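Take a walk through this structure, one region at a time. Begin with the backbone, then turn to the core and the ligands.

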Amino acid sequence: MTYEITDECISCGVCIDECPVEAISEGEDKYEIDPELCTDCGSCADVCPVEAPVPVE
Ligand code: SF4
Ligand code: SF4
C-alpha cells in the first residue's frame with residue numbers, strides 16, 4: 001500500500017517536510033507522492049489540513 005494525494009490538496013506545503021523518505025514533491029496542480037518511495041507511514045495525512053493524502057491499494 002502507498003499514499004496518494006487527492007485533488008483536495010491546496011498546495012500548502014506542510015506535508016513535504018514531514019515525509020521521512022522525501023517521497024512528496026510539488027506537482028503542477030497539487031503535491032504528489034512517489035509510490036516507489038512512500039513507506040505508508042501516514043505522517044503526511046496526519047499533518048494535512050484538508051485530509052488530501054489517502055491510502056491506496
Ligand atoms: Fe511520505 Fe509517509 Fe506520506 Fe508516504 S505516507 S508520502 S512515506 S509521509
Ligand atoms: Fe497538499 Fe495537504 Fe500536503 Fe498541504 S499538507 S501540500 S494540502 S497534501
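Strands here are DSSP runs of E with at least two residues, and helices are runs of H or I with at least four; both are numbered from the N terminus. With that in hand, look at the loop between β1 (2-5) and β2 (24-26): Ser-11 lies there. The model is a predicted one.

Ser-11 has a phi near 55 degrees, a positive value in a residue that is not glycine. Most residues other than glycine have a negative phi. Is Ser-11 buried or exposed? Neither label fits, because its relative accessible area is 32% and the range between 20% and 50% counts as partly exposed.

A second positive phi waits further along the chain. Glu-51 also has a phi near 55 degrees, and Glu-51 is not glycine either. Where does Glu-51 sit? Its place is the loop between α1 (43-47) and β4 (53-56). Glu-51 has a relative accessible area of 62%, so it counts as exposed.

Now move to the core. The largest nonpolar core has 13 residues. Ile-5, Ile-24, Tyr-31, Ile-33 and Cys-44 have the most contacts inside it. Two strands, β1 and β3 (31-33), each supply at least two residues of this core.

Pause at Ile-24. Which residues does Ile-24 touch, leaving out those up to four places away in sequence? They are Ile-5, Cys-15, Ile-16, Cys-19, Tyr-31, Glu-32, Ile-33 and Cys-44. Cys-44 is worth a second look. Its relative accessibility is 9%, so Cys-44 counts as buried.

Cys-44 also leads to ligand 1. There are 13 residues around ligand 1. Cys-19, Cys-38, Cys-41, Gly-42 and Cys-44 come nearest to this ligand. How does the shell around ligand 1 divide by class? Nine of its residues are nonpolar, three are polar and one is charged.

Ligand 2 has its own surroundings. It is surrounded by 13 residues, and the closest are Cys-9, Cys-12, Gly-13, Cys-15 and Cys-48. Cys-15 is also among the contacts of Ile-24. Cys-9 counts as buried because its relative accessibility is 15%, and the cut-off is under 20%. By class, the shell around ligand 2 holds eleven nonpolar and two polar residues. It has no charged residues.

One last point concerns the cysteines. How many disulfides are there? The count is zero, with a disulfide taken as a pair of cysteine sulfur atoms within 2.5 Å.

Definitions and conventions. Residues are numbered from 1 along each chain as its sequence is written. Chains are lettered from A and ligands numbered from 1 in the order in which they are written. This is a predicted model: local features need pLDDT of at least 70, side-chain atom pairs count only at pLDDT 80 or more; totals for chains, interfaces and linings use all residues. Side-chain values use heavy atoms; hydrogens and water are left out. A residue is near a molecule or strand if one of its heavy atoms lies within 4 Å of it. Ala, Val, Leu, Ile, Met, Phe, Trp, Tyr, Cys and Pro count as nonpolar, Asp, Glu, Lys and Arg as charged, and the others, Gly among them, as polar. Buried means under 20% relative accessible area, exposed over 50%, partly exposed in between (1.4 Å probe, protein chains only). A nonpolar core is a set of buried Ala, Val, Leu, Ile, Met, Phe, Trp, Tyr and Cys residues joined through side-chain atoms within 4.5 Å. Contact means heavy atoms within 4.5 Å.
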